[in-house]
Amino acid sequence: MTEKSIEDALREMMVERLFLKLKPEEIDVNAKLAEAYGIDSVQVSELVVGTEAVFGITFEDDDFDPSRFDTVAHIAELVRGKLGK
Amino acid sequence: MTMPTEEPIRFRAAGRELTGILHAPASPRSAVLVVHPFAEEKKFSHRVLVELARALASKDIATLRFDLSGEGDSSGESEDATLDAWLEDIAAARAELAKRFPAAALTLLGLRLGATLALASVAQSPTAAVVLWEPILSGAKYVDEILRRRMIKEMMTTGKKATGRDAVLAQIQADGFLDLDGLAIGKKLIEGISSLDAKALAGRFAGRALLVQIAFNAKVSPALEELAATLRAAGAKAEAVGVKEQVIWDRVERVEAKELITATVDWIYSL
């Protein structure tokens, strides 16, 4: 999976799982999820579960740092690290 | 046509006073006991369970929604609740329905942990049918999921790195309870929930069973299919279906869940 497609896959998953009334491409990968799209802690939980399912990875307790889950780009970076890319 | 009544009722389970709402049509064709989910999931799913009970009552199916001990309007503190006490509560609610409607076949219906508790109850003492909405398959994994959600909430609300699960578990051992958004969950209940294994329980029920996956893609997970297969192997007539709905147990805003309610009411009505 390319870097671009990790971000695309995250955006598609977000729209689908969080029932966002947006098109995946309308999500700015660098926008703060809470401020730009109103993503709350419950939705971040769903995002975590969805990311693990889509990429076949597991987040460890140490990963739960707010700066790693605040934008699509940062989540993608975390995923790339898990996938060794 | 007489409209179904909605009546608050009280009954006892081993000295504990339990409170419920009985949705009673004039001549019920069958009865349903609803077992609510756990902690915040109970609060978020409340409205859907009310609408389910009303939809069932409109089809002449009596329905009892009640609060387990230490929850809602029932007696006791959340910190003192145990798995055994909750199974006694469900048995008492079943007896209450049987007393009021002796001729009505009983279906137990639960959501999430409530579904697994319903399965545990019918494994102890069978009923005609059971409906499992998104049952918790592994109690241990569920407790882990609760701890992880707690971490994520802490991370999001404090803006800091969350306390790890090992530290939270050590705190539970020290305090005797888990603070879950201000709700004290006793260590004994956590241990009881952790011991639940839906597959082991499914091997002890041979009635009718409907297993429902509530998912964004309406797909039934392999794990839920496996649970249905375990029920069938035990002699149950079990089917697993997927319903496309927003999750109904973790959203503050109202979710209507029309498809879920219709599919469930139709299935129970057809029994």
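In which loop of chain B does B:Ala39 lie? B:Ala39 is found in the loop between S3 and H1 of chain B, and the views below start from there. This is a predicted model, in which local features need pLDDT of at least 70 and side-chain atom pairs count only at pLDDT 80 or more, while totals for chains, interfaces and linings use all residues. Residues are numbered from 1 along each chain as its sequence is written, and chains are lettered from A and ligands numbered from 1 in the order in which they are written.

**View 1. Two residues with positive phi, B:Ala39 and A:Phe19, are shown in their loops.** Most residues other than glycine have a negative phi. B:Ala39, however, has a positive phi near 50°, and B:Ala39 counts as partly exposed because 18 C-beta neighbours lie inside 10 Å (20 or more would make a residue buried, 12 or fewer exposed, with C-beta atoms placed from the backbone). In chain A, A:Phe19 sits in the loop between H1 and helix H2 (33-37), where its phi is positive at about 50° although A:Phe19 is not a glycine. A:Phe19 is also partly exposed, with 15 other C-beta atoms within 10 Å.

**View 2. Helix H1 (residues 40-58) of chain B is shown with what covers it.** Helices (H or I, at least four residues) and strands (E, at least two) are DSSP runs numbered from the N terminus. The 19 residues of H1(B) should span 27 Å, because the expected span is 1.5 Å times one less than the number of residues, and the end C-alpha atoms are 28 Å apart, which agrees. H1(B) bends by about 50° at B:His46 (the angle between axes fitted to the seven residues ending there and the seven starting there). Among the buried residues of H1(B) are B:Phe44, B:Val48, B:Leu49, B:Leu52 and B:Leu56, and their cover includes strands S2 (16-24) and S3 (30-35) and helix H9 (258-269) of chain B, contact meaning C-beta atoms, placed from the backbone, within 7 Å. Just after H1(B), B:Asp60 takes a positive phi of about 65°.

**View 3. The open sheet of chain B is shown with two helices that pack on it.** Eight strands, in the order S1-S2-S4-S3-S5-S6-S9-S10, form this sheet with mixed pairing (two strands pair if DSSP finds at least two bridges between them). Strand S1 (5-13) and strand S10 (237-244) are the edge strands, each pairing on one side only, and the twist averages 20° from one strand to the next, with axes fitted to C-alpha atoms and angles run from 0 to 180 degrees between N-to-C directions. S2(B) and S4(B) run antiparallel and are joined by four bridges, and B:His23 has B:Thr63 in S4(B) as its bridge partner. Helix H2 (residues 83-100) of chain B touches S1, S2, S3, S4 and S5, and its direction makes about 130° with that of S1(B). Helix H3 (residues 113-124) of chain B touches S3, S5 and strand S6 (129-133), making about 145° with the direction of S5(B).

**View 4. Strand S9 (residues 208-215) of chain B is shown with its parallel partners.** Seven of the eight residues of S9(B) are buried. Five bridges join S9(B) to S6(B), with B:Leu132 opposite B:Leu211, and eight bridges join S9(B) to S10(B), where B:Ala215 stands opposite B:Lys244.
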